[in-house]
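Trainee: I am new to this structure and would be grateful for a close look at a single part of it. Please set one strand in its surroundings and then lead me outward from there.

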Amino acid sequence: MNIQAPVKVDKAERMRRAREEAYATPLAQFHPGAPRLFQDDTLWPWFERLRKEEPVHYCTNAPIEPYWSVVKYNDIMHVDTNHGIFSSDSTLGGISIRDVPEGYDYPSFIAMDQPRHSAQRKTVSPMFTPLHLDELAKLIRQRSQTVLDNLPRNETFNFVERVSIELTTQMLATLFDFPWEERRKLTRWSDVSTALPKSGIVASAEERRREMDECYAYMSKLWNERVNSAPRNDLLSLMAHNDATRYMDPDNLMGNIILLIVGGNDTTRNTMTGSVLALNENPEQYDKLRANPELIDSMVPEVIRWQTPLAHMRRTALQDTEVGGKHIKKGDRVVMWYVSGNRDDEMFENPNDFIIDRPRPRTHLSFGFGIHRCVGMRLAELQLRIVWEEMLKRFDRIEVVGEPKRIYSSFIKGYESLPVRIPG
């Protein structure tokens, strides 16, 4: 498939203008969660200024309800690890800066508080044990080899479509034991479930409702099949045969299914794309990796930090409290900006640089901390490691030949397309 490379925009000029705007705007007018900042990749100076001048900031200048932004590493850790004070519960608004839209408030274990959270989370954790990951690694390698061997040479193509989406969707289909020929439905449902109204992914709220109803009906059918058959080693069967989840109401079931689809899709898919972009923007690091492929082990967590595929997580204060010297009232929404904490110069030396042999690379915030730390993080790292091992065996270089097209979202920090070329 050929795609038209976007018109190249001078990145330095774009960032110069963004910095000028960010430092000229009064802090009282800041809305760091504006999706356009993420789609244009101009978010960085806004968060830089907040880290310097007001690391816990109250935004009242947004088309949504007011919210607190927490932008420094240690303050984010404080919020993330104090689940008794800061709630994830969907009935209080959930985990995104915007309240869960009416009619989409499917409760999942990531949007639950204790004790329900851990009881439901534990049912799927056997999928991510070291022993099972060793088995999945063989499958991931085989599929990565097939996908990469079929890429064109000397021809521009969309890395997101041909590699990132295809490999992550294949893994999702395996984890759910989903009908293979219809696996792209999982990608579509993931995109629709997190899409903002202006994203262009769906034309209307009614279209979104129809597609999520299709997901609901399809997955309910698979669920009923697993409930009425012998236990198998897939996510649906694990939930269907565990007392903590077997008797979930339909909305709770749908919530956990959507959570696992999005978690298995977006994190790996967008970091995989981000890794190609990061290495092209830092050619000396690409040369370092090619000279020493063993650096993949530290490059993977570094690119997860650099990309930060989920830009934020939101909590709701259960009581009056204090963060970074600011008084937070009961009921306030508190947004942890992982994307900013991962660039905190008090925690990371040269935080804006992509350094594939960075010391202690796993100290990043991208997987969260506390009880909600990403259950599938080791699988995400495994997929990224294997695909890079296989790419280095095959290609001297994958060249980015145009500007990436980024997603319109301040939650999912990802890509719609990345035009690349593999020299013959």
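Mentor: The account below begins with strand E8 and its partners, then turns to other parts of the chain.

Please bear in mind that this is a predicted model. The chain averages a pLDDT of 90, and 94% of the residues score at least 70. Residues 1–8 call for caution, for pLDDT stays under 50 there; the model has 18 contacts beyond four places in sequence for this stretch.

Strand E8 comprises residues 333–337, and five of its five residues are buried. In a regular strand the side chains alternate between the two faces of the sheet. On one side of E8 lie Arg333, Val335 and Trp337, while Val334 and Met336 lie on the other. Both faces of the strand are covered.

E8 is joined to strand E2 (residues 67–70) by three bridges, and these two strands run parallel. Within this pairing, valine 70 has methionine 336 of E8 as its bridge partner. Strand E5 (residues 312–317) is also joined to E8, here by five bridges and in an antiparallel arrangement. In E8, tryptophan 337 stands opposite histidine 312.

From the strand we may pass to the loop between helix H15 (338–341) and H16, where asparagine 350 has its place. Most residues other than glycine have a negative phi. Asparagine 350, however, has a positive phi near 50 degrees. With a relative accessibility of 43%, asparagine 350 counts as partly exposed, because that class lies between buried, under 20%, and exposed, over 50%.

Helix H16 itself covers residues 377–394. At 1.5 Å a residue, its 18 residues should span 26 Å, and the end C-alpha atoms are 26 Å apart, so the two values agree. H16 is mostly covered, with 13 of its 18 residues buried.

A pocket completes the surroundings. The second largest pocket holds about 360 Å³ of space. It is lined by 19 residues, of which Lys11, Trp44, Trp306, Arg343 and Asn352 are the closest to its centre. The elements giving two or more residues to this lining are helices H1 (11–24), H3 (44–53), H12 (250–281) and H14 (296–307).

Finally, aspartate 177 deserves a look. This residue lies in the loop between helix H7 (159–176) and helix H8 (184–194). Its phi is positive, about 50 degrees, although aspartate 177 is not a glycine. The relative accessible area of aspartate 177 is 34%, and the residue is partly exposed.

Key. Residues numbered from 1 in each chain as written. Predicted model: local features only at pLDDT ≥ 70, side-chain atom pairs only at ≥ 80, totals over all residues. Heavy atoms only, no water. Helix = DSSP H or I, 4+ residues; strand = E, 2+ residues; numbered from the N terminus. Expected span 1.5 Å × (residues − 1). Buried < 20%, exposed > 50% of the residue type's maximum accessible area, 1.4 Å probe, protein only. Pairing = 2+ DSSP bridges. pLDDT = per-residue confidence, 0-100. Contact = heavy atoms within 4.5 Å. 1 Å grid on protein atoms, 1.4 Å probe; cavity = no way out; pocket = protein on both sides within 12 Å on 5 of 7 lines; lining within 4 Å. Points joined across faces, edges and corners; volume = space filled by probe spheres on them.
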